[in-house]
Amino acid sequence: MSTTAVGKPMDRVDGRLKVTGAARYAAEHDYPNLAHAVLVTSTISKGTIAEVVTAAAVKARGVAAVVTHKNAPKMKVPEPFGGEKPSAGSTTAPVLNTDQVFWFGQPVAIVIAETLEQARHAAQLVRVTYQEQPANLTLDSAGKVTTPKKIMTEATTVEIGHAERALKAATLKVDAVYETPQFNHNAIELHATVAAWDGGKLTVHDTAQFVFGVQADLATRFGLKPADVRALAPLVGGGFGGKGVAWPSTYLAPLAAKVVGRPVKLVLARDQIYGCVGGRPPIRQRVAVAADKDGKLTALIQAGRSATGTTNQFVEQFTFPARHLYACPNIYLTQETIALDTCPPTFMRAPGECPGTFALESALDELSYQLKIDPVRLRQINEPDKDPTTGAPFSNRKYQEALALGAEKFGWNRRTPEPRSMADGRMLVGLGMATATYPVYRMPGSARVAVSADGTAVVQSGCHEMGMGTATAQTQIAADLLGLPVEKVRFELGDTNLPFAMVAGGSSQTISVAAAVSAAVAELKGVVLKLATAGPLEGLKPAAVAVRDGGLYRTDDPASGESFASILQRAGRKSAEAKAEVMPGAEMQKWSMHSYGAQFCEVRVDPDFGTVRVVRFVGAFDVGRVMNAKTARSQFLGGITMGLGMALLEETHRDGRTGRIVNADLAEYMVPVHADVPAIEAYWVGDPDPHTPMGAHGIGEIGITGVAAAVANAVYHATGRRVRRVPITPERLLAAPRDG
Amino acid sequence: MAPSDDPDRRDFIQGVTAGGLALGLGAATSADPPADVGQPIPMKLTINGQDRELQIEPRVTLLDALREVLHLTGSKKGCDHGQCGACTVLIDGRRVNSCLTLAVAAAGGQVTTIEGLAKGEELHPLQAAFIKHDAFQCGYCTPGQICSAVGLMAEGHAKSDADVRELMSGNICRCGAYPNIVAAVQEVQQLAAKENP
Ligand code: FES
Ligand code: FES
């Protein structure tokens, strides 16, 4: 394969659609006779519904139906996500088929009317009363505490040597507790589903990161064959994990459509998303690290508790980064969950690695001051030669290269080591850094490739575009595999009528789909070769032929061959196609496969008001070969930006009495806005991983990892105040004790 | 049909009157608004240079009129509360949150949406610059960002990158395309300044 297109900073193939307003997202699909649905949601966290009074709503102008647990058709509850079969089950709560309330904001009624205004008005006329029970709402509540049997496929507890003993024996050490609150994804596109029945067949346009999961979920709920459910999501307005499973609105829209016998559109209001879609759970972690006087780690402990739901078993794997980053003879890692009566938590950008690196990388920074060793140097000293907990060789670890690259681009050497030693006028200046990391995940994938007699190609896979640039990168990959110019290749995605793809999660999509496209192109070679019954390719076996320059060429005589178009034309065919399905290999068992990075942050802190401004941020990454330099950079920028929000702004606040989220809107749940975000620079090492398809790694999530720690470390450097709880608000900063 | 013959309209007017009186007397329970509200009224909007006649309820926002009635779905809904900027359109050249504007209040003005910026196949310079600088990812905030940037340039206050950041802060991009948006806006602004000093 020649890499003509791969790696280039190509403009997005869907860019024109997106800048002209022609791009259509889920809620923008129209059907004749479409009705609008609005949800009524619970105002308690736990209990039973005593009464639902719908008379006024039913009578209101334009109302077609009001659906409650009293009159809703029964639905079967599917397996939760993560089981054997593809499933996108978000929670096992039988929403709208029960009088039980499991969390604040749970849907308890649907109002369907001719217009959105009528449905919204009538929804306000529904009166619900409850028998309330005490709810568990915090990490310290009486919720059920569980040590999970496994976390994904890994053991929950990892123990090497005697970490507690080594910690006790050490004199240079840190032993501290770090906290992260609940965060919410807040993709700007509201969760929405348009559902239309055609007899026993169902079509949904959904804000989904996993159309095949939605298909499976709806098929089970409504007792249909999966083939009778079509889920579409070719464009998603941001997901970040929040659209990874089927939240209740995804099946309540088809339920409503069934009841009224016409197509229904259901769009959640912004505040409803906080109650109908899980966020990142709150986590409290203890991290203890010790080192000898040369900076070599002697003990590493990370243990803590994350929240989960009473109707799911989500485990945020925050101890995962510590399993692979640093050499240390004594390691102890473990975690437990506490089940809360809140909307069940879910994946949010870099689940595990994001909060895990906040705690771990903050603790290492604290240790560096004790050791009087530069934080970058500390991470050089503890570079492992094999995976520190599994013992597996690294597939292609280039962390030190990323660290050096970042330090140089950032100008780390201008940093003076003492806290409060740098200033700009009355502003305190701080420079901090932290490690970023994210695993390489690969999932099953399939793709279809068709070449046409007019010289074009269409490549299809039911994967997802939510801003990552999926169609663009896969167009580049397919163009190079086929030897065609990118303009001749079209990539189609986000539809269960296309070949199967997994959830757009775990930063796994690029390589999972690329492997399938590559296998489909290999299949296509055989298919087209059979049509070459005359000319230079006649009678050759596939092994004697290579795909190149938009056609097939002899390997023994590279000049001799024929284009796909010409073979097809001669054979009197319009097109030829092939499909392939590829499972991930055993590479993840054999190698320790991860991406790495180093995040560098400069802050200005007002010493009197405790306000923190990030003035510069540099991230340098080791992510294998980059598929598109332009969209890759955007992914890093986006991850870093969300990390800045986590560090300084974002927190989901819950009223401890009722469980109501009190800042369920974009004014009070503060996400970074233009004025919060400085110039950000992103660099990458670019060394292809020999053990992944295309030599690539996923890049959607690593950008957020380590960012909050880099900010917290810069804030400490500026102020001598260590804040172990994000977001670092002025009040938290000024309340923290001051060193130096 | 004459307005007075329309029972719904009569009920609506009576409802409003009764509600108003009841409010004055402090006798209404705010929990029980009149059940029969929302009588459609005719209105005329000018959108992207075209006159459009609508028959919609007075409570319909400009955003919902665009998206749900006229099927001009380029303007996006991200919050419906004036907090995200995804719904930004231009009315008489000024940027407004269409979710906070009743459609009826836009009557008589020139509404420009993202669909009205390109001249046929030729993109508006900001649209082209957004593609070049990859000033979006999912694209959902993008129509609002671009309309807002058109308004920003017309206002003429934003000179430095910091000015652009400050004056574009009503447009949230959760994908985090901010540095690229600033680059795109600055390139177009500076080019425009060179051409029309
Ligand atoms: S939808 Fe209007 S500001 Fe968010
Ligand atoms: S591009 Fe996704 S929100 Fe801005």
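User: Let's start with Thr48(A). Which residue stands opposite Thr48(A) in β4(A)?

Analyst: In general, strands of a sheet pair through backbone hydrogen bonds, either parallel or antiparallel. Here, in what is a predicted model, Thr48(A) faces Gln100(A) of β4(A). Strand β2 of chain A, residues 47-53, pairs with β4(A) in the antiparallel sense, over two bridges.

User: How many strands form the open sheet, and in what order?

Analyst: Three strands make up this open sheet of chain A, ordered β4-β2-β6, with antiparallel pairing. Strands β4 (100-101) and β6 (127-132) of chain A each have a single partner strand, so they stand at the edges and one side of each lacks a neighbour in the sheet.

User: Okay, now the two chains. How much area do chain B and chain A bury between them?

Analyst: The size of an interface is often given as the accessible area lost when the parts come together. For chain B and chain A that comes to about 4900 Å², with 54% of it on carbon and sulfur atoms. On the chain B side, Gln137(B), Arg174(B) and Tyr178(B) lose the most area to chain A, together 17% of what that side buries. In residues, 60 of chain B are in contact with 65 of chain A.

User: How many salt bridges are there between chain B and chain A?

Analyst: Eight salt bridges, and 28 residue pairs in polar contact as well. One of the salt bridges joins Asp64(B) to Arg120(A), whose closest N and O atoms are 4.0 Å apart. Several helices of chain B each supply at least two residues to the side touching chain A, among them α2 (62-69) and α6 (178-195). The largest share, five residues, comes from α6(B). By class, that side of chain B has 25 nonpolar, 16 polar and 19 charged residues.

User: And inside chain A, which domains does the assignment give?

Analyst: Domain 1 (15-21 + 443-584), domain 2 (26-134 + 186-276) and domain 3 (352-441 + 589-735). Take domains 1 and 3 of chain A: their C-alpha centres lie 38 Å apart, and each gives 15 residues to the contact.

User: What does the interface of those two domains look like in area and polar contacts?

Analyst: Domains 1 and 3 of chain A bury about 1200 Å² between them, 63% of it on carbon and sulfur atoms. Gly506(A), Ser507(A) and Ile511(A) supply 46% of the area domain 1 buries there, more than any other three residues. Three residue pairs are in polar contact across this interface, with zero salt bridges found. The domain 1 side divides into seven nonpolar, eight polar and no charged residues.

Notes: Residues are numbered from 1 along each chain as its sequence is written. Chains are lettered from A and ligands numbered from 1 in the order in which they are written. This is a predicted model: local features need pLDDT of at least 70, side-chain atom pairs count only at pLDDT 80 or more; totals for chains, interfaces and linings use all residues. Side-chain values use heavy atoms; hydrogens and water are left out. Contact means heavy atoms within 4.5 Å. Buried area is the accessible area (1.4 Å probe) that two parts lose on being put together, summed over both. A salt bridge is a side-chain nitrogen of Lys or Arg within 4 Å of a carboxyl oxygen of Asp or Glu. A polar contact is a pair of N or O atoms within 3.5 Å; within protein, one must be able to donate a hydrogen and the other to accept it, and residues adjacent in sequence count only if both atoms are side-chain atoms. Helices (H or I, at least four residues) and strands (E, at least two) are DSSP runs, numbered from the N terminus. Ala, Val, Leu, Ile, Met, Phe, Trp, Tyr, Cys and Pro count as nonpolar, Asp, Glu, Lys and Arg as charged, and the others, Gly among them, as polar. Two strands pair if DSSP finds at least two bridges between them. Domain bounds come from an automatic or database domain assignment.
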